[in-house]
Amino acid sequence: MSATEEQEFDDLPDLRTVDLLRRGLAVSPEIKQGLRATVLLGLAVVASRLTVPVVVERAIDNGTTGATGVDFGYIFTIAAVAVGTVMFGWLGGIWAERRLVERSATAIANLRIRTFDRIHALSMSDLNESRRGVLVSRVTSDAEQLTRFAQWGLFVFSIEPMVLTGIVIAMALYSWQLTLLVVAVYLPVWPMFRWLQRRQLLAYDRLRSRVGDMLSSFSETLSGAAVIRVYGAEERFGAQVGVDIDERYRARIDSNKFIAGTFVVGDLFSAVAFVAVLVAGLTQREAWNLDAGDVVAIMFLVSLLQQPISELSEVLDQAQIAAASWGKILGVLDRPVDVSEPTNGRSLSAGPIDVEVENLDFTYRGGEQALKGVSVAIPAGTNVAVVGQTGSGKTTFAKLLCRLADPSSGAIKVNGLDLRDVSGPSRISSIRMVPQDGFLFDVSIAENVMMGADGESSNGESSNDESSDGESIDVDAVRSAFKVLGLSWWLERHQPTEIVGQRGENLSVGERQLVALARAQLADPGLLILDEATSAVDPEIDEALTAALKRLAEGRTMISVAHRLSTAEAADLVLVFDQGQLVEVGPHHELVDRGGVYSELHRAWIGNTRAAR
Amino acid sequence: MTAEVNTDERSLTGQGLRLIRQLVTAHPLTFSISLTGALVYALASVLTTEVLGAVTDNVILPTFDGGELSGDALRSGALMLVGVILLRAASVVARRYFAGMTSERVQASFHRRLLDKYLSVPLAWYQQRQTGQLLAHVDNDVEKLAEPLHPLPLSIGAVGMAVFSAVSLFLVDVVLAAVAFVIFPMLFGLNRTYSKIIEEPSAAVQAGVGSTSAVAHESFDGALIVKTLGRAEHESRRFAVAANGLRSHQIRVGNIRAIFEATLDSIPSLGVVLMIVVGAYRLDAGAITRGDLVQVAVLFTILGFPMRVFGYFLEGIPPAVVSHRRLDDVLSSPVQSKLSSSTAVQSAGPLTVRVAGVGFGYADQPPVLADVSFDLSAGEVVALVGSTGSGKSTLAMLLAGLVPPDSGTVEIGGQLLSGWPAAQRTEAIALVFQESFLFGASVGSNIDMDSSVSHEEVADAAAVAQIGDFLSGLPMGYDTVVGERGVTLSGGQRQRVALARALVRKPRFLILDDATSAVDPKVEQRILDGLRAELSTTTLIVAQRLATIMLADRVLYLADGHIAAAGTHEQLLEVAGYRDLVTAYEAAAL
């Protein structure tokens, strides 16, 4: 599949409304559940609505005689019948709507959750290519747009054709010729609706895209607030977001045109129908054996066609909105998952993991080859440092090791198993990565650290607190994780219950990395991968960490991507990457004087850190 | 909530109607057109029935009675019918199109107001709110606010029709009119009750949309962590809690609305029945004729549709009021004070910096900075050293004027920083953050921030920041679009782009907050050499590495919330805390 064209899942799948709705209903089956019963209830409403005019007509025709004669018995009877049907319709209406509300709310909630899950299943390259605002709008406003259709559209769509049919049958009772004429007049409505439909769908699709754009630019403006302030770029950014606001406005006005247009199509045809019935009824009255009552009745019935037709055009409009939203959501749901879990995944045994990399190639979607023919064997328990210039492929290598992506060719074997054959849960608990960005969730320090353990390693002997979302927090385990890292002093400065703020922004970048390391410590994986995880920690902490990590490495295989060569000096094995290739492998003391890439890197680093003395 | 504070005793509907008046009066033209459309529609609907009656009486019946078809009568009948229907159709188009336009203009104006607010609130304001929530205001709240504007014109038309029919009723019979007047108050009473009951659940729905959006935003923002920690299932549960919470609030609102709508539908029908019964008595008493009764029944049936429209309009009011409160809560937040001082600031060249007794603490936390005082002379390069969490970044933000100090003063260029005009301040002072934020745009526009700097200036800045080597590896060079937050670049690359962004502006006071921490040593060396050669500004470098510190003329050592020591690196080596901090690397390497 072509990645560039499908970027952001923003293209309308090349489907017609009907197909989109069919597919949409397939991913939201709840909408149709019990629809038949609901429609039966809805018929009670329709019955009550139709009964009232009939009752009025009966009451006046049969309940009164002459100018002032009244048959009270008949009036009361018929009034009682009317009140009965109205109450019946009232109950049926409430019941039907409650069912519809519940089904549609459930359908939308489930669709949101499914879409949310799918987004997390997408590969990092997919996620990096898309804007957060767009992804958020897929699970919020796009899903929300389905409400009207799910709650009401499908229901009306089930009922109104019956009403239409009823009216046409009633017409036929008076004159089949005039009925055929009316039907013939209305026939072109269908192709017109279809013609309008496709345009409407495209208009709504554009609207959904523009809404996504607008939310994304708002989202960026919010996330980048500090930078915007520093550079006084408020006006320029405001202008850019303003363009997106205007674009959304224009897309909305554009789609409005069609709603206004669609709505009167039925009206215009009724004018033709009236005239046709009038002319034909009067000129053909003898040929078709009509009397005045027939013509008047059919004229009346033509006016009754008005409501169901305009309701249907409203439904069609809602259907386009729904189809456009489903189109956007399907764009996410249909996206292939690059890294799929094996069906009968194998488990990794506990303890240090042996890693064997065979002829590894990796090419990004954009065509940029990040790794070329990398082969290396890392015995279990080795402490490895991966070094290289920015863009040398060292981070990509780390990502492949924890299966954030699969190799383009070649293989990674862990304890002799292909990484792709290891089950998800086993991989997650045995292979851990601490990424470069010390992203923290907006909960307490303790909760962030506990995410490493995911409840598995709580041993029950310590005090348990309940966190805000019900996860058990083992403060002692958190403390001991910091203690092992020699960072108890830090935790004493900050309480474990301290809330870290969005992305952890209440803590400094270095502090966030400490929390991320404590998290990894608590998880106790057999293979730990650190991606420049200590880049922003000051030397004081870095030293403590280097010591702690060295101790930690004894129980496991550890692979650290680092540009602080103190990490490399402390490692058993150093892998040196250059332009996607593994160019040097060996311990620090062997490589440092070899005169290769590593020597050069090391010299620069030494100069940098010790220029002082 | 300034608008609502003193009107608590007002009913929700009252507040809503006032709010809606406010909204539409801002867009008088589009609203008047749609209102005219609605009134013409009301008129045309009544006319259609009239014309149909007239055609029946004057064309159809005579033709069947007399057996002669009059071509003229037929033509004029047909013309009248077509004319009135076309009028109705045109009125529908005008009403819907312009009602939509009014609603969209209201929405666009609120989008802009939110944007202006988001761009002018103090930085600390963001820390108290979740980005996802702020997005939900833009999306859902604005939409809900404008929702009643669609059915509004027709609702006013409906009121017109109701008045028209009430007058007709009076002319027919006072007693029947009285019956009608029992029904109208019932409708309003019903709505009042509905508004009261729905207010709280409706607010819960809006809040639910906000928290769903907030969870989604945070979760997608941390997608990498979610993957590496295998937290997808947990995140799914967390999102499901939000989504299902929203669902149950929606169902609660829907259930209440179901009763309201069904009742609203039934009252006119029951009214007709009541009318027939009462009408029968009036007929029996000889007060009205049979024709009157027919007319009354027709009047009441015609009212059915506008009543429903009016119901939809009223239904939209509670969510609109609730949304408006949420929006108002944001829109009434105080903006960052812009003291526009007319005092001239030092006009050119490196700036002096004088910090005196500055203290600062984040809300509910012990102060980070207690009493910080120091001076930088123009053109001086000074390193700021301190352990993790010592307040270096906070101090950097204070010096850039991003947050005001709680106590003490910051003078830059001999002028209180708070007195600097904002535009001049941001032009003269540049801060490069520890965590570099790039926008999802091209590398080039991330550097020039779309201001008018020349290509050469960008290239110069890029050269000092050592961007050239990786930029040449990118297929589109400066036009390469990076992912949001710069995710498609490595940490070191991101920092270099952010550095170039600062350098291209030739700031007169440059603050580097550990801005090269993720850059490879080799590259960092070249950047530092470049800075040493090019720097002609007052520079404060928050530094951790010795080489960076060595770039400085002087070092400030920040500990325990104040400047514990200041001097040259050699002098400070006498200070135990400082020595331990900066020589840690060497200790580790030995």
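**Exercise 1. Pairing in a sheet**

Find how many bridges join strand β1 (residues 353-360) of chain B to β2(B), and work out which strands lie at the edges of their sheet.

*Solution.* Start with the pair itself: β1(B) and β2(B) are joined by 5 bridges and run antiparallel. Keep in mind that this is a predicted model. To see the pairing up close, look for R354(B), which stands opposite D375(B) in β2(B).

Next, widen the view. The open sheet has 4 strands in the order β2-β1-β4-β5 (chain B), with antiparallel pairing. In general, strands of a sheet pair through backbone hydrogen bonds, either parallel or antiparallel. The edge strands are β2 (369-376) and β5 (415-416) of chain B, since each of them pairs on one side only.

Finally, add a helix to the picture. Helix α12 (residues 392-399) of chain B lies across β1, β2 and β4 (407-412) of chain B. This helix runs at about 125° to β1(B).

**Exercise 2. Two helices that cross**

Describe how helix α3 (residues 72-121) of chain A packs against helix α12 (residues 292-333) of chain A.

*Solution.* What do we need for the description? Two packed helices are described by the angle between their axes and the distance between the axes.

Here the axes of α3(A) and α12(A) come within 9 Å and cross at roughly 40°. An angle of roughly 40° is not under 35 degrees, nor does it fall in the range 65 to 115, so α3(A) and α12(A) are oblique to each other. The crossing of α3(A) past α12(A) is left-handed.

Now pick out the residues. From α3(A), the contact uses L111(A), R114(A), T115(A), R118(A) and I119(A); from α12(A), it uses I329(A), V332(A) and L333(A). Sorting the residues of this contact gives 5 nonpolar, 1 polar and 2 charged.

**Exercise 3. From domains to chains**

State how each chain is divided into domains, then describe the side of chain B that touches chain A.

*Solution.* Take chain A to begin with: its domain 1 covers 13-333 and its domain 2 covers 355-610. The C-alpha centres of these two domains of chain A lie 54 Å apart.

In chain B, domain 1 is 13-329 and domain 2 is 353-589. Their C-alpha centres are 56 Å apart.

Now bring the chains together. In chain B, 153 residues are in contact with 148 residues of chain A. Helix α10 (residues 232-284) of chain B gives the largest share of chain B's side, 30 residues. By type, the residues on that side of chain B comprise 78 nonpolar, 46 polar and 29 charged.

Definitions and conventions. Residues numbered from 1 in each chain as written. Chains lettered and ligands numbered in written order. Predicted model: local features only at pLDDT ≥ 70, side-chain atom pairs only at ≥ 80, totals over all residues. Domains from an automatic or database assignment. Axes fitted to C-alpha atoms, helices over the stretch in contact; angles between N-to-C directions. Helix = DSSP H or I, 4+ residues; strand = E, 2+ residues; numbered from the N terminus. Parallel < 35°, antiparallel > 145°, perpendicular 65-115°, else oblique. Left-handed = near helix turned anticlockwise from the far one by under 90°. Contact = placed C-beta atoms within 7 Å. Nonpolar A, V, L, I, M, F, W, Y, C, P; charged D, E, K, R; others polar. Pairing = 2+ DSSP bridges.
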